[in-house]
Amino acid sequence: MSSVLLDNWELFRIGFLTTIKLFLVAGVLSLVLGTLLAACRVSSLPALRAVGTGYVNTMRSTPLVLVFAFLVFAAPKMGVELPSFFWAAIAALTAYTSAFICEVVRSGINTVPAGQAEAARSVGMTFLQVLGIVVLPQAFRAIMPPLTSTAIALLKNTTIAAGFSVVEAGSIPAAMAERGENQMVTLFWITVGFLILILPLVLAQRWAERRVAVPA
């Protein structure tokens with residue numbers, strides 16, 4: 001069984017390295033965009049609330065595969081050229097995941113007592129200052145567990161990129177089939193690889209849950 005992994009180590013290494021890159025880059029971008037969308041959703045301006053709500057509802061109702069297909073096939077025909085399939089995958093994962101992060105962040109914002117924001121505004125803080133200095137630091141402490149769950153979902157969603165010419169972990173089975181390797185063993189090692197990647201996130205989630213737990 002180990003020979004399948006060792007004989008094809010370079011393929012596994014490249015595949016999982018690309019998966020990690022997809023996860024890290026899309027994760028950071030999704031966190032930034034999702035937080036901005038959450039700010040729009042809690043804004044006092046109706047136009048910003050409408051933009052945030054419309055984006056979130058649209059993305060959460062659209063299968064991720066269709067987001068990939070649009071950015072890979074349709075966007076270039078509309079004049080939107082992305083540097084490579086890798087960056088098209090980054091854009092698709094970011095656009096999709098940010099909608100879910102937005103709702104997680106918004107739920108965290110709602111846990112912060114409204115009186116704190118009102119007190120901050122009363123001393124002359126702007127909306128962005130209230131959000132960045134008073135509200136978001138408390139909100140992120142409360143949302144770490146669900147935010148970690150969203151990160152785990154993002155990591156697993158990177159496998160969809162294999163269907164759009166991105167050489168990552170999800171593309172390994174097809175390459176191994178061409179080499180005549182045992183598919184069951186191949187899937188076993190891919191599963192082990194994802195378990196290794198997901199385990200730190202699960203441990204981080206449990207740690208975060210203990211940190212935010214209310215003592216009995």
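This report walks through a predicted model, from one of its helices to its cysteines and aromatic rings.

## Helix α5 and its kink

Let's start with helix α5, which covers residues 85–111. Its 27 residues, at 1.5 Å a residue, should span 39 Å, and the C-alpha atoms at its two ends are indeed 39 Å apart, so expectation and model agree. The helix does have a bend to look for: α5 carries a kink of about 30°, with serine 98 at its centre.

## Two buried residues and their contacts

Valine 4 sits in helix α1, which runs over residues 2–7. Its relative accessible area is 7%, so this valine counts as buried. If you set aside residues up to four places away in sequence, valine 4 touches Phe12, Met176, Glu181, Val185 and Thr186. For a sense of scale, you can also trace from valine 4 to isoleucine 160: the two are 156 residues apart along the chain, and their C-alpha atoms are separated by 23 Å.

Serine 43 offers a loop counterpart, as this residue lies between α2 (9–41) and α3 (46–60). Despite its place in a loop, serine 43 is buried, because its relative accessibility is 6%, and the cut-off for buried is under 20%. Without counting neighbours within four places in sequence, serine 43 is in contact with Leu48, Arg49 and Phe127.

## Cysteines without a bond

If you go looking for disulfides here, you will find zero in the structure. Why is cysteine 40 not bonded to cysteine 102? The sulfur of cysteine 102 is the closest cysteine sulfur to that of cysteine 40, but the distance is 8.1 Å, which is too far for a bond; a disulfide would need the two sulfur atoms within 2.5 Å. Seen from the other side, cysteine 102 is in no disulfide either, and its nearest cysteine sulfur is that of cysteine 40.

Are these two cysteines buried or exposed? Cysteine 40 counts as buried at 17% relative accessibility, and cysteine 102 is buried as well, with a relative accessible area of 0%.

## Alanine 74 in helix α4

Helix α4 takes in residues 64–77, and alanine 74 is found there. This alanine has 27% relative accessibility, so it counts as partly exposed. Leucine 197 makes a handy reference point: it is 123 residues from alanine 74 in sequence, and the two C-alpha atoms are 32 Å apart in space.

## Aromatic pairs

Now for the rings. The model has six aromatic pairs. One of them joins phenylalanine 68 and phenylalanine 164 in a stacked arrangement, with 5.3 Å from centre to centre and 20° between the planes. This pair links distant parts of the chain, since phenylalanine 68 belongs to helix α4 while phenylalanine 164 lies in the loop between α7 (127–157) and α8 (172–178), 96 residues apart. Both of these phenylalanines are buried. Ring pairs also bring Phe73 into the picture, linking Phe68, Phe73 and Phe164 into a cluster.

Another pair is formed by phenylalanine 86 and tryptophan 87, whose ring centres are 5.4 Å apart. Their planes stand at 90°, so this pair is edge-to-face. Tryptophan 87 has 39% relative accessibility and therefore counts as partly exposed.

Key: Residues are numbered from 1 along each chain as its sequence is written. This is a predicted model: local features need pLDDT of at least 70, side-chain atom pairs count only at pLDDT 80 or more; totals for chains, interfaces and linings use all residues. Side-chain values use heavy atoms; hydrogens and water are left out. Helices (H or I, at least four residues) and strands (E, at least two) are DSSP runs, numbered from the N terminus. The expected span of a helix is 1.5 Å times one less than its number of residues. The bend at a residue is the angle between axes fitted to the seven residues ending there and the seven starting there. Buried means under 20% relative accessible area, exposed over 50%, partly exposed in between (1.4 Å probe, protein chains only). Contact means heavy atoms within 4.5 Å. Rings of Phe, Tyr and Trp (its six-membered ring) pair if their centres lie within 6.5 Å; planes under 30 degrees apart count as stacked, over 60 as edge-to-face and the rest as tilted.
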